[in-house]
Amino acid sequence: MELRVTNQDREHVVEHVKAAYAEGRFDKFEFDERLERAMTARTHGDLMPIMTELYGPQRRWQQPLVPPRPVTLPPDSARGIPADSNERLGGAAAHLLALPGLVILGPLIMLLTGGKTSPYIRRHALEALNFHLTVVGATILLPFTIVGVVLIPVIWVAAFVLTIVGGVSALAENDFRYPLTVRLVK
């Protein structure tokens with residue numbers, strides 16, 4: 001067989017050689033010799049004699065290896081893996097930084113810093129950023145109507161309350177979606 005071997009193929013044979021040595025099937029010199037042959041093998045034809053010496057001819061190991069399919073894992077929260085306390089704190093900060101006046105800047109800072117390493121913080125920072133962009137946009141556009149002038153204080157009180165609810169939800173490790181939010185940032 002002139003099919004080239006991969007590092008994974010070599011490592012597979014090396015594991016078999018190590019197991020046979022651990023079982024006492026050959027001495028240190030034989031172990032070193034087989035290990036050297038396995039590590040320098042270039043084709044499957046170089047590896048097959050080693051496996052034949054270990055297990056005999058016509059074994060299942062002679063069948064070609066099928067490469068494993070890549071595994072795509074769902075997000076941590078979907079797999080039931082809890083966010084650690086730092087992630088929960090970062091998610092809460094993404095919501096609550098709007099209260100001292102960092103309406104858009106607070107969630108944006110959390111998105112650009114903690115969102116790079118934590119999907120949990122990123123999810124909460126995106127939600128908070130989109131909500132506060134929606135509130136600021138509504139505050140700018142609504143004064144052009146008479147009803148809008150009356151609605152602005154109601155919107156800001158609702159935004160204050162929802163910001164606190166979002167922060168508490170992040171601390172409690174719950175996903176939170178703001179209502180009536182235009183999600184501009186993905």
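These questions and answers cover two helix pairs and a surface patch in a predicted model.

Me: Is α4 roughly parallel or roughly antiparallel to α7?
Reply: Helix α4 spans residues 85-96 and helix α7 spans residues 146-171. The two pack with their axes 7 Å apart, at an angle of about 175°. Angles over 145 degrees count as roughly antiparallel. Therefore α4 is, relative to α7, roughly antiparallel.

Me: How many residues of the contact of α4 with α7 are charged?
Reply: On the α4 side the contact is made by Arg 88, Leu 89, Gly 91, Ala 92, His 95 and Leu 96. From α7 come Thr 163, Ile 164, Gly 166, Gly 167, Ala 170 and Leu 171. These residues divide into 6 nonpolar and 5 polar, and the number charged is 1.

Me: Which helix gives the most to the nonpolar surface patch?
Reply: The patch, of about 630 Å², is made by Leu 96, Leu 99, Val 157, Phe 160, Val 161, Ile 164, Val 165 and Val 168. One of these, Val 168, is found in helix α7. With 6 residues, the helix that gives the most is α7.

Me: How many residues of the contact of α1 with α2 are polar?
Reply: Helix α1 (residues 7-22) and helix α2 (residues 28-39) pack at about 175°, with axes 9 Å apart, which means that α1 is roughly antiparallel to α2. Arg 10, Val 13, Val 14, Val 17, Lys 18 and Tyr 21 of α1 meet Lys 28, Phe 31, Arg 34, Leu 35, Ala 38 and Met 39 of α2. The contact holds 8 nonpolar and 4 charged residues; as for polar ones, there are none.

Technical notes
Residues are numbered from 1 along each chain as its sequence is written. This is a predicted model: local features need pLDDT of at least 70, side-chain atom pairs count only at pLDDT 80 or more; totals for chains, interfaces and linings use all residues. Side-chain values use heavy atoms; hydrogens and water are left out. Axes are lines fitted to C-alpha atoms, for helices over the stretch in contact, and angles run from 0 to 180 degrees between N-to-C directions. Helices (H or I, at least four residues) and strands (E, at least two) are DSSP runs, numbered from the N terminus. Angles under 35 degrees count as roughly parallel, over 145 as roughly antiparallel, 65 to 115 as roughly perpendicular and the rest as oblique. Contact means heavy atoms within 4.5 Å. Ala, Val, Leu, Ile, Met, Phe, Trp, Tyr, Cys and Pro count as nonpolar, Asp, Glu, Lys and Arg as charged, and the others, Gly among them, as polar. Patches are made of residues with over 30% relative accessible area and no salt bridge: like charges are joined within 9 Å, nonpolar side chains (Val, Leu, Ile, Met, Phe, Trp, Tyr) within 5 Å. Accessible areas come from the Shrake-Rupley method with a 1.4 Å probe; for residues, only the protein chains shown count as cover. A salt bridge is a side-chain nitrogen of Lys or Arg within 4 Å of a carboxyl oxygen of Asp or Glu.
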